[in-house]
Amino acid sequence: MTQNRTATIARKTKETDISVTVNLDGTGKSDIDTGIGFFDHMLDSLSRHSLIDLTVRCNGDLHIDFHHSVEDTGIVIGEAIAKALGDFGGIARFGHAYIPMDETLTRASVDLCKRPYLIWKVDFRRDKLGEMDTELFKEFFHALAGNGGMCLHIENLYGENNHHIAESCFKATARALRTAITVDPRLGGKPASTKGSL
């Protein structure tokens with residue numbers, strides 16, 4: 001169960017060509033290139049603080065806008081994490097984290113239960129960070145949760161700086177995932193569920 005918790009997923013459409021490799025038992029090494037600078041910075045943070053090694057290559061229709069690249073990257077990362085988890089057995093399943101960044105505080109909670117859901121309580125005061133539309137952060141996490149089998153709640157409790165708000169969302173999600181994917185040997189490879197399966 002604990003061996004080779006890695007996966008590679010490739011997905012090609014008329015809008016994007018994406019490949020993602022994850023190692024759930026990594027050290028937080030990342031190699032990210034989506035063509036969107038701020039998004040690369042956020043994905044690097046996701047990798048580093050979850051300790052999931054993450055390689056992402058995305059060639060998308062950036063001449064139109066960033067929507068397809070951001071959403072589709074979320075889809076493929078989610079698929080890769082789900083594949084690496086296998087039957088989701090033997091893991092802690094739940095995780096949560098509070099992340100402060102100066103004046104900002106964000107909370108994330110995750111249940112790796114194969115029943116995807118996203119609660120997003122985050123507001124931005126700017127339309128863009130760098131060249132990235134702030135409305136796309138919700139699209140990324142919706143795709144990540146939906147394809148990763150995650151029930152994911154992200155709430156910015158307070159904050160003023162939009163960079164801090166966005167980055168704390170990624171860091172809080174990363175730390176919550178870091179806990180949830182941890183193998184608990186007491187489970188003997190079985191799901192952490194009273195039903196016996198997820």
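The exercises below work through helices, sheets and single residues of a predicted model.

**Exercise 1. Describe how helices α1 and α4 pack, and state whether they are roughly parallel or roughly antiparallel.**

Step 1. Two packed helices are described by the angle between their axes and the distance between the axes.

Step 2. Helix α1 covers residues 37-50 and helix α4 covers residues 162-180. Their axes make an angle of about 30° and lie 7 Å apart.

Step 3. Angles under 35 degrees count as roughly parallel. Helices α1 and α4 are therefore roughly parallel to each other.

Step 4. The crossing of α1 and α4 is right-handed.

**Exercise 2. Find residues through which α1 meets α4, and sort the contact by class.**

Step 1. On the α1 side, the residues include Phe38, His41, Met42, Leu46 and His49.

Step 2. On the α4 side, they include His163, Glu167, Phe170, Lys171 and Arg178.

Step 3. Sorted by class, the contact of α1 with α4 holds 7 nonpolar, 6 polar and 4 charged residues.

**Exercise 3. Give the strand order of the sheet that contains β1, β2, β3 and β4, and explain which strands stand at its edges.**

Step 1. The 4 strands form an open sheet in the order β1-β2-β4-β3, with mixed pairing.

Step 2. Strands β1 (6-12) and β3 (30-33) each have a single partner strand, so one side of each is left without a neighbour in the sheet. These two strands stand at the edges.

Step 3. On average, neighbouring strands of this sheet are turned by 5° against each other, direction ignored.

Step 4. Inside the sheet, β2 (residues 16-23) and β4 (residues 53-60) run antiparallel and are joined by 8 bridges. Aspartate 17 stands opposite asparagine 59 in β4.

Step 5. Two helices can now be placed. Helix α1 packs on the sheet and touches β3 and β4, and its direction makes about 160° with that of β3. Helix α2 also packs on the sheet, touching β1, β2 and β4; its direction makes about 35° with that of β2.

**Exercise 4. Compare the pairing of β10 with β6 and with β7, and locate the bridge partners of glutamate 155.**

Step 1. Strands of a sheet pair through backbone hydrogen bonds, either parallel or antiparallel.

Step 2. Strand β6 (residues 104-112) pairs with β10 (residues 150-158) in the antiparallel sense over 8 bridges. Strand β7 (residues 117-121) pairs with β10 in the parallel sense over 5 bridges.

Step 3. Glutamate 155 in β10 is the bridge partner of arginine 107. Glutamate 155 is also the bridge partner of lysine 121.

**Exercise 5. Place glycine 74 and decide whether it is buried or exposed.**

Step 1. Glycine 74 lies in helix α2, which spans residues 67-85.

Step 2. Buried means under 20% relative accessible area. The relative accessibility of glycine 74 is 0%, so this residue counts as buried.

Step 3. Apart from neighbours within four places in sequence, glycine 74 is in contact with Phe140, Ala143 and Leu144.

Step 4. Histidine 163 is 89 residues from glycine 74 in sequence, and their C-alpha atoms are 20 Å apart.

**Exercise 6. Locate leucine 51 and aspartate 102, and give the phi and exposure of each.**

Step 1. Leucine 51 lies in the loop between α1 and β4. Although not a glycine, leucine 51 has a positive phi of about 65°. With a relative accessible area of 27%, leucine 51 is partly exposed.

Step 2. Aspartate 102 is found in the loop between β5 (94-101) and β6. Aspartate 102 is not a glycine either, yet has a positive phi of about 55°. Its relative accessible area is 71%, so aspartate 102 is exposed.

Terms used:
Residues are numbered from 1 along each chain as its sequence is written. This is a predicted model: local features need pLDDT of at least 70, side-chain atom pairs count only at pLDDT 80 or more; totals for chains, interfaces and linings use all residues. Side-chain values use heavy atoms; hydrogens and water are left out. Buried means under 20% relative accessible area, exposed over 50%, partly exposed in between (1.4 Å probe, protein chains only). Contact means heavy atoms within 4.5 Å. Axes are lines fitted to C-alpha atoms, for helices over the stretch in contact, and angles run from 0 to 180 degrees between N-to-C directions. Angles under 35 degrees count as roughly parallel, over 145 as roughly antiparallel, 65 to 115 as roughly perpendicular and the rest as oblique. A crossing is left-handed if the near helix is turned anticlockwise from the far one by less than a right angle, and right-handed if clockwise. Ala, Val, Leu, Ile, Met, Phe, Trp, Tyr, Cys and Pro count as nonpolar, Asp, Glu, Lys and Arg as charged, and the others, Gly among them, as polar. Two strands pair if DSSP finds at least two bridges between them.
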